[in-house]
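Open your viewer, show the chain as a cartoon and keep side chains ready to switch on. We will walk through a pocket and then some charged pairs.

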Amino acid sequence: MQKCAALATKVLTRCDEAGTLDGLYRLTEDWQEVFDAALSDTGTAETSQSALLRDVLGRIWRQAVLGHGVGTALDARLFMDFDETFRASFCLPAQDGLHVRRAFMGTATGCVELAGRNPYARFANSISIMCR
């Protein structure tokens, strides 16, 4: 857990310090490293599904969060790849599949939240804007 927390702290700090969009793009591998650490903390060996989810996580960071290559066809492709890969994780042994999904969803929601795409964050921000 300490390694995962340290990596998450590092990437979140680098997000705050990144002065350019190019600097944010370079954080793709850092988010993937957080996913790897979260998975390894569970003792689960890397699988083909976790490798594919690692790739999807990088695409989520670049496309959904940073807006690289945004477009209807690309958004649909990302959703389909995520859906197919995530569902395939249910074919893993129960405990391994659970660990892969939890590591992925925890890391993915963490990076997406930075973009303000978290539904709760949008709700809370909307209320705060109305109360000014």
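Which helices each supply at least two residues of the lining of the second largest pocket? Select α1 (2-17), α3 (28-41) and α6 (94-113), and you have them. Keep in mind as you look around that this is a predicted model.

**Stop 1: the pocket**

With those three helices coloured, turn to α6, which gives the most to the lining of the second largest pocket, with six residues. Now show C4, A38, R102, A103 and G106 as sticks: of the 15 residues lining this pocket, these lie nearest its centre. If your viewer draws surfaces, the space you are looking into comes to about 290 Å³. Colouring the lining by class gives eight nonpolar, five polar and two charged residues.

**Stop 2: R26 and D22**

Next, select R26 and D22 and display their side chains. They meet in a salt bridge, with N to O at 3.0 Å. Is each partner buried or exposed? R26 counts as exposed because its relative accessibility is 52%, over the 50% cut-off. D22, at 47%, counts as partly exposed. This pair belongs to a wider set, as the model has seven salt bridges by the rule used here.

**Stop 3: along helix α5**

Move on to helix α5 (residues 72-88) and pick out R77 and D81, which sit four residues apart, about one turn of the helix. The closest N and O atoms of their salt bridge are 2.6 Å apart. Check the surroundings of each: R77 is partly exposed at 39% relative accessibility, whereas D81 counts as buried because its 16% falls under the 20% cut-off.

Stay on α5 and select R87 and D83. Here, too, the partners are four residues apart, so about one helical turn separates them. Their salt bridge has its closest N and O atoms 3.0 Å apart. R87 counts as exposed, at 52% relative accessibility, while D83 is partly exposed, with a relative accessible area of 26%.

**Stop 4: a shared network**

For the last view, add D55 and R59 to the selection of R77 and D81. Salt bridges that share partners join these four residues, D55, R59, R77 and D81, into one network. Rotate the view until you have R77 and D81 in sight, and you are back at the α5 pair with the 2.6 Å separation between its closest N and O atoms.

Conventions: Residues are numbered from 1 along each chain as its sequence is written. This is a predicted model: local features need pLDDT of at least 70, side-chain atom pairs count only at pLDDT 80 or more; totals for chains, interfaces and linings use all residues. Side-chain values use heavy atoms; hydrogens and water are left out. Buried means under 20% relative accessible area, exposed over 50%, partly exposed in between (1.4 Å probe, protein chains only). On a 1 Å grid over the protein atoms alone, a cavity is a set of points where a 1.4 Å probe fits but cannot get out, and a pocket is an open set with protein on both sides within 12 Å along at least five of seven lines; lining residues have an atom within 4 Å of a point. Grid points are joined across faces, edges and corners, and a volume is the space filled by probe spheres set on the points. Ala, Val, Leu, Ile, Met, Phe, Trp, Tyr, Cys and Pro count as nonpolar, Asp, Glu, Lys and Arg as charged, and the others, Gly among them, as polar.
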